[in-house]
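Welcome! Here is a guided walk through a protein model, taken one neighbourhood at a time. Please keep the 3D view open as you read.

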Amino acid sequence: MTIKPFVVAGIATAAALATHAFPAPPPIVWTAEGNQTSAGLGADVASAGDVNGDGYGDVIVGAPIHGFPFSKGRAMVYHGSSTGLATMPAWTAEGWEPVVFWPVYFGRAVASAGDVNGDGYGDVIVGAPEYDNDQITEGAAFVYLGSATGLGQQPAWQAEGNHEGARFGSSVASAGDVNGDGYGDVIVGAPFHKKGRVWVYLGSAAGLSDRPAWRAAGDGSTDGFGSSVASAGDVDGDGYADLIVGTDDFFGGRIFVYRGSPTGPLQPPWRAGISGPSGFFGHAVNSAGDVNGDGYSDVIVGEYWFGQGTQFHKGRALVYHGSSAGLEPKPSWIAVGASVEQGFGFDVSTAGDVNGDGYSDVVVGALYIPDFAQGTAGLVRVYLGSPSGLAAAPAWERGGQPASFFGSAVSTAGDVDGDGYDEVIVGAPGYDNGHQDEGAAFAYAGSPP
């Protein structure tokens, strides 16, 4: 068994793939592999912040099928250094639950938690959506605290879905600091809790609260509310972090942005969406950073099933700019998959600042289909920010191994080697190299323009 985002019939040919021009990517500076059949390493990837306080960015990688067929799952953190990311993980945690023989999929969602206890070290959050305790597949999320020696082996905080089939922890993220108290907060999604729900837990000197300080449910217009969650940054410049929540519904995808305030997130949200068959608008949401340097955070949204007719399922990514009034009503930038692609926008993220020009950049993953036999190879593109916003053409792009699902998870890695340029990390959970579907993650170097 392998976690594969989806499988569809290919429409492009190997010949079309061979003639597709790829702008030259930067070098791969780091690779990690699952080293076990069906581990699915790279199903999710993220910056971990700086978990040991050494001044270098660290990364976290999920391998939710590790231990197949029981698939308890695993998450690993790799420390940065002056020479880049370590080849071996500095920290590994594995899933567990009272029901011994059932999957947990620990590591299906991984993210930085920010600094939830204000001690100066980055913390991480891991989702396990198939976790069972009192309810079947209620799901759970776990937070591990950073320190001078890195992450603790035992979770400092745990929350469960408490609803059968909720799959709490399908999405997890830092919420930023939504109430301005100086502590990082987290957001967790449970897209199968009725029409979907999300919860925010606030940080403090003692760590995260046991009870959520805020929650929101889908408004009934879509299913899968909370399938994607992220900090939106500060889209209106008021000093409070804002939140973005996406849905995973073919019929009328939506995104919702909730503004932070001294009392936490505010309702009602800003929203955008597509009525009718949408292409899963909001399947992936994230902060885009500040792509035009105006001092307001921007957001990026993936719509991986967008397209009709000759544009069938190309997919697209959209960026909405922030302003003093919040997000602008229409996207300021749209990129659509090319003619031989499908599933562009399956995952989206800020890339940090990969060329050190002071403008945030973005990375977009696609599920790239050369032919029926090769399956889903995958592709990523990086677009650079500027005073006028994101460039129309990518600065670079990279394709993956056939059937590897390369690009189904993308993220900034932060600055893992301290050279002033952010790196990009890409997951390929179907990658093979001695073990079928062991999965892999790859980091690409940032560099001057």
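Which residues does Q436 touch, not counting residues up to four places away in sequence? They are Q36, T37 and S38. Please keep in mind that this is a predicted model. Q436 sits in the loop that links β27 (423-428) and β28 (440-444). With a relative accessible area of 53%, Q436 counts as exposed, because the cut-off for that word is over 50%. Along the chain, Q436 and N35 are 401 residues apart, and their C-alpha atoms are separated by 9.2 Å.

**Two open sheets**

Now let us turn to the strands. One open sheet is made of 4 strands in the order β6-β7-β8-β9, with antiparallel pairing. Its edge strands are β6 and β9 (157-160), and each of these pairs on one side only. On average, neighbouring strands here are turned by 20° against each other, direction ignored.

Another open sheet also has 4 strands, in the order β14-β15-β16-β17, and its pairing is antiparallel. At its edges lie β14 (228-233) and β17 (270-273), each pairing on one side only. For this sheet, too, the average turn between neighbouring strands is 20°, direction ignored.

Here are three of the strand pairs to look for, each with a pair of residues that face one another.

| Strand pair | Bridges | Sense | Facing residues |
|---|---|---|---|
| β6 and β7 | 5 bridges | antiparallel | A111 and I125 |
| β8 and β9 | 4 bridges | antiparallel | V143 and W157 |
| β15 and β16 | 4 bridges | antiparallel | G246 and I255 |

Strand β6 deserves a second look. Of its 6 residues (109-114), 5 are buried, so this strand is largely enclosed by the rest of the structure. Its partner β7 covers residues 123-128.

**The nonpolar cores**

What lies inside? In soluble globular proteins, nonpolar side chains tend to be buried together. In this model, the largest nonpolar core has 19 residues, and I60, W91, F106 and Y144 are those with the most contacts inside it. The elements giving two or more residues to this core are β2 (44-49), β4 (74-78), β5 (91-94), β7 and β8 (140-144). Apart from it lies another core, of 18 residues, including I125, V143, W157 and A166. You have already met some of these names: I125 stands opposite A111, and V143 is opposite W157.

Y144 is a good place to zoom in. Leaving out residues up to four places away in sequence, Y144 touches W91, A93, F106, D123, V124, V126, L151, G152, Q153, Q154 and P155.

**A buried acidic residue**

Our last stop is D44, which is found in strand β2. Does D44 have a charged partner, or does it lack one? D44 is buried yet has no salt bridge. The nearest side chain of opposite charge belongs to R108, which is 5.8 Å away. A salt bridge needs the charged atoms within 4 Å, so that separation does not qualify. Still, D44 and R108 are in contact. Beyond its neighbours within four places in sequence, D44 also contacts I60, V61, G62, G107, A109, V110 and A409. I60 is a name to recognise, as one of the residues with the most contacts inside the largest nonpolar core.

Conventions. Residues numbered from 1 in each chain as written. Predicted model: local features only at pLDDT ≥ 70, side-chain atom pairs only at ≥ 80, totals over all residues. Heavy atoms only, no water. Buried < 20%, exposed > 50% of the residue type's maximum accessible area, 1.4 Å probe, protein only. Pairing = 2+ DSSP bridges. Core = buried A, V, L, I, M, F, W, Y, C linked by side-chain atoms within 4.5 Å. Contact = heavy atoms within 4.5 Å. Axes fitted to C-alpha atoms, helices over the stretch in contact; angles between N-to-C directions. Lys, Arg positive; Asp, Glu negative; His and termini not counted.
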